[in-house]
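Biologist: Please take a close look at a single part of this model and set it in its wider context. I should be grateful for one connected account, with each term explained where it is used.

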Amino acid sequence: MSAFRFLHAADIHLDSPLRGLSGQEGEAVERVRTATRSALDQLVGTAIAERVDFLVIAGDVYDGDWRDYKTGLFFARQMGRLNAAGIPVYLLHGNHDAESQITRRLELPDNVHVFDTRKPETFAIEALGVALHGQGFRQRDVTDNLALSYPEPAPGAFNIGVLHTGLGGLEGHANYAPCTLDDLLNRGYDYWALGHVHGRAILHERPYVVFPGNLQGRHVRETGVKGAYLVTVEDGAVADLDIVACDVVRWAVLAVPLDGADSMGTVTDRIRDALDAAISGEADGRLLACRVVLEGRTALHARLVAAAEHLLAEARASALGLGDGLAWVEKVVVETAPTVDPQTLARREDAVGELQRMLQEAPADRELLSRIEGDIGELVRRLPHEVRAEIEDRALRTAAEGDYAALIGAVSPYLSARLTAEEG
C-alpha cells in the first residue's frame with residue numbers, strides 16, 4: 001500500500017455569520033463578514049500547496065438553505081480549484097445541510113463525490129488502496145445509528161468511515177446519528193472522519209476516531225485554533241496528524257484578575273495588558289475576537305457592575321489602541337467579588353442592609369416565586385427552542401429553565417452592587 005496524505009475537515013457552515021462582533025468599522029468588518037469563506041479558501045489553498053491526495057468533508061458544508069446562489073457558487077468555485085489541481089473531494093450532508101434542508105442546487109465539478117443519503121455508500125481510490133464509507137443526512141433530525149449499517153471494511157485497503165454524528169451528545173451538541181465509540185471501533189476501519197462536534201478531538205488512536213472541529217469559530221464558545229487535520233498514512237497506518245489552521249478570526253476568553261485594583265484606571269490598564277498578551281500569544285496574525293472576564297476580589301466591584309456599558313467601551317478602545325484590526329472585544333463580563341461579604345452588608349441598619357436581607361430571604365418566598373413565574377415564565381416558554389438553547393447570561397438561563405429561586409440568586413449581586421455603587 002502506497003503512502004498518501006489527505007485533509008479531514010467538517011462543519012464549514014459557509015456564509016454563517018459570526019455572532020457578537022457588531023459595532024466595528026474599517027478592515028475588520030469585511031474580515032468578519034467573509035470569515036467562513038476565507039476559512040474555506042485557506043483549506044483549499046492548503047490542499048493544493050501540500051499536494052494532498054484527497055479531501056474529506058464530514059458534513060455541514062452549509063449552515064442551512066442558501067439565501068441566494070452566491071453561497072453555492074462560491075463553494076463550486078473552490079471545488080473547481082481542487083479539480084484543476086487533480087484533488088478529489090469526498091463529502092456528505094450533515095444536519096445543517098441535510099438533503100431536505102437545501103432547496104437550491106448547483107452541479108459540482110466531477111472531482112466532488114457526495115455520499116448517498118438513503119444508504120451507506122463506498123468510494124474506492126484504487127491507486128492508493130483506499131476505501132471511504134459514508135452516508136449523509138436525508139433530513140435534519142437523524143435519530144438512527146447510521147454507523148451500524150456501514151459495510152464491512154474492504155480487504156487490503158485503508159478504510160475510512162465518514163460520519164456526521166453527535167456521538168452521545170458531546171459538548172452539548174444535538175445527538176444526531178447517535179452511536180457509541182465502541183460502535184465505531186468494532187467496525188474495523190482504520191480512520192473515522194467525523195463531523196458535527198465543533199471542538200477538535202482525537203477520541204481514539206489505532207484506529208483513529210477524529211473530530212477536526214469547525215473550520216472557523218463563529219462565537220465565543222468556539223475558541224482557539226480552528227481548522228482541519230492533515231493526515232499522513234504510511235504502510236497502511238496513520239503515521240501523523242497535523243493541525244492545519246484555517247480560521248481568519250480567532251476567538252478567546254481573557255481572564256483579567258483585578259485583585260487589589262483600586263482605581264478604574266488600573267482596571268483599564270490590566271484589560272489592555274491582557275489584550276496585548278493575547279494578540280502576541282494567541283492570535284497568530286488573525287483578528288482576535290475576545291470576551292473579557294473580570295475576576296478577583298476588589299473594592300471596585302460595585303462600580304464595575306454598575307458601569308457595564310462604560311467598561312465595554314473602554315475595553316474596545318484599549319483594543320483599538322493596540323492597532324487597527326488586531327482585536328475586538330465582544331463583551332465584558334464582571335465576575336469580581338466585593339471586599340465586603342454579603343453577610344456583613346446584611347447587618348447594616350440602612351437601605352443597603354435591608355435590601356441584602358430581603359434578597360437573602362427571597363428564594364424561600366413562595367408567593368414571590370409564584371409571581372415571578374406568572375410574570376416571566378409564560379414569556380420564556382414562548383421563546384423558540386433554538387433561542388433558549390443559545391442563552392448564555394446566567395440570569396436568563398435560570399429563567400429559561402424555570403428555576404426562579406436561582407434567578408433571584410443570579411440577580412441579587414447585581415441589585416446589591418447597584419445600590420452600593422450609588423451609595424459610593
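Modeller: Opposite A252 stands C290 of strand β14. This is a predicted model, in which local features need pLDDT of at least 70 and side-chain atom pairs count only at pLDDT 80 or more, while totals for chains, interfaces and linings use all residues. Residues are numbered from 1 along each chain as its sequence is written, and side-chain values use heavy atoms, with hydrogens and water left out.

Strand β14 covers residues 287-295 and is joined to β13 in the parallel sense over nine bridges. Two strands are said to pair if DSSP finds at least two bridges between them; strands (E, at least two residues) and helices (H or I, at least four) are DSSP runs, numbered from the N terminus. In general, the strands of a sheet pair through backbone hydrogen bonds, either parallel or antiparallel.

The full arrangement is an open sheet of three strands in the order β13-β14-β15, with parallel pairing. Its edges are β13 (249-257) and β15 (327-334), each of which pairs on one side only. From one strand to the next, the twist averages 20°. Helix α5, residues 264-281, packs on this sheet and touches β13, β14 and β15, and its direction makes about 140° with that of β13. A second helix, α7 (residues 308-321), lies across β14 and β15 and runs at about 150° to β15. Such angles run from 0 to 180 degrees between N-to-C directions, the axes being lines fitted to C-alpha atoms, for helices over the stretch in contact; contact means heavy atoms within 4.5 Å.

As for the wider context, the protein has 13 helices and 15 strands. Of its 424 residues, 49% count as buried, that is, under 20% relative accessible area, with exposed meaning over 50% and partly exposed in between (1.4 Å probe, protein chains only). Among contacts between residues at least 6 apart in sequence, 69% join residues at least 24 apart.

Ring pairing also extends through the structure, where a search of the whole finds twelve aromatic pairs. Rings of Phe, Tyr and Trp (its six-membered ring) pair if their centres lie within 6.5 Å; planes under 30 degrees apart count as stacked, over 60 as edge-to-face and the rest as tilted. Ring pairs link F4, F6, F54, Y90, F115, F123, F158 and Y191 into a cluster.
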